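Please open the structure in your viewer, switch to a cartoon view, and keep the selection panel at hand. This tour goes from one selection to the next, and at each stop it says what to look for.

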Amino acid sequence: MLLMRESYEESAERTLAAPVEVAAGSVASIRVLRGQLLRITALGEGAVASLFGFSLQDPAVWLSVHHTRVFSNSYLLGSGMRLVNNRRRPMMVLGKDSVKRHDLLLPGSTTSFLAQRGYGGEGCIEGVSRELARLGMTVPKLPDPINLFMHVKLTRDGDILPETNLTQAGDSITCRVVMDTRFIVSACNTGIEGNDKPAPLRLAVAENLTDFNAE
């Protein structure tokens, strides 16, 4: 039910953004309008998608992993869960999810963090900052991401334990977006053991679930 489209009375023309592929180790973005579906698909084993979102009307309103945890009283991302912004308003609702393993605790990687751990390549934070600059978007701060497909667990003692990423090519999540949003997705190395082999991703937008079948 949460993936059913509500009635919208939009005066502006509604267009669908073309699908975008995010190469392993890189960052890309896609525009999703209110009421549309966003699907993020792993195109390789072990993929992690670090997800950021900024309101098209006001980039000072962003997808907030911190507020999402408090709003839902959970550090686990589950079907039907509302992902909210820093004003505590929903931005999207998680619907179909073939992985059901996501991280709401860890920050995005930086180039220096990766280098300290013996990895090469650009960090998530630098990559997202570069994409924001390319888009001409100015934001007050860069929030922590929602790390889709990342496999970690929290112990009773509060330790965060990385686990081997079991995501396979073709795994995906689908969300109904409820605010006009520019999403930025990083496929950069996380630097987190077991989740440190970047794989490509695909971003796609549709009005209805059946529209994805036509791709």
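Which residue stands opposite Arg202 in S13? Select Arg202 and look across to the neighbouring strand, where Glu21 stands opposite this residue. Keep in mind throughout the tour that you are looking at a predicted model.

**First stop: strand S13**

Now widen the selection to the whole of strand S13, residues 201-206, in which six of the six residues are buried, so the strand is largely enclosed by the rest of the structure. If you show the side chains, you will find that Leu201, Leu203 and Val205 point one way from S13, while Arg202, Ala204 and Ala206 point the other way. Add strand S1, residues 20-22, which pairs with S13 in the antiparallel sense over three bridges. Then add strand S3, residues 37-42, which is also antiparallel to S13 but is joined to it over six bridges; within this pairing, Leu38 has Val205 as its bridge partner in S13. As a general point, the strands of a sheet pair through backbone hydrogen bonds, either parallel or antiparallel.

Next, select Arg39 together with Phe212, and turn the view until you see the ring of Phe212 from the side: Arg39 lies over the face of this ring, at 4.2 Å from the ring centre.

**Second stop: the five-stranded sheet**

Select S2, S12, S4, S8 and S7, which in that order form an open sheet of five strands with antiparallel pairing. The edges of this sheet are strand S2 (27-32) and strand S7 (102-103), each of which pairs on one side only. Starting from the S2 edge, you can follow six bridges between S2 and S12, which pair in the antiparallel sense, and here Val32 has Thr181 as its bridge partner in S12.

Move on to strand S4, residues 49-55, where seven of the seven residues are buried. Ala49, Leu51, Gly53 and Ser55 point one way from S4, whereas Ser50, Phe52 and Phe54 point the other way. Six bridges join S4 to strand S12, residues 181-186, and Phe54 has Arg182 as its partner there. Strand S8, residues 146-148, pairs with S4 over three bridges, and Leu51 is matched with Ile146 in S8.

**Third stop: salt bridges**

How many salt bridges does a search of the whole structure find? The search finds five. Select Glu163 and Arg101, whose side chains meet in a salt bridge with an N to O distance of 2.3 Å. Glu163 lies in the loop between S10 and strand S11 (172-177), and Arg101 in the loop between strand S6 (90-97) and S7, so the pair ties together parts that are 62 residues apart in sequence.

Add Lys153, which also forms a salt bridge with Glu163, the closest N and O atoms being 3.8 Å apart. Arg101, Lys153 and Glu163 are thus linked in a network of salt bridges. Lys153 is partly exposed, with a relative accessible area of 42%, and Glu163 is partly exposed as well, at 25%.

For another of the salt bridges, select Glu122 and Arg130, which meet at 2.5 Å, N to O.

**Last stop: a patch on the surface**

Finally, show the surface and select Tyr75, Leu76, Leu154 and Ile160, which form a nonpolar patch with about 320 Å² of accessible area together. Ile160 lies in strand S10, residues 160-162, and counts as partly exposed at 35% relative accessibility.

Note on methods
Residues numbered from 1 in each chain as written. Predicted model: local features only at pLDDT ≥ 70, side-chain atom pairs only at ≥ 80, totals over all residues. Heavy atoms only, no water. Lys NZ or Arg CZ within 6 Å of the ring centre and 35° of its normal. Buried < 20%, exposed > 50% of the residue type's maximum accessible area, 1.4 Å probe, protein only. Helix = DSSP H or I, 4+ residues; strand = E, 2+ residues; numbered from the N terminus. Pairing = 2+ DSSP bridges. Patch = residues over 30% accessible without salt bridge, like charges linked within 9 Å, V, L, I, M, F, W, Y side chains within 5 Å. Areas by Shrake-Rupley, 256 points an atom, 1.4 Å probe, with all protein chains shown as cover. Salt bridge = Lys/Arg side-chain N within 4 Å of Asp/Glu carboxyl O.
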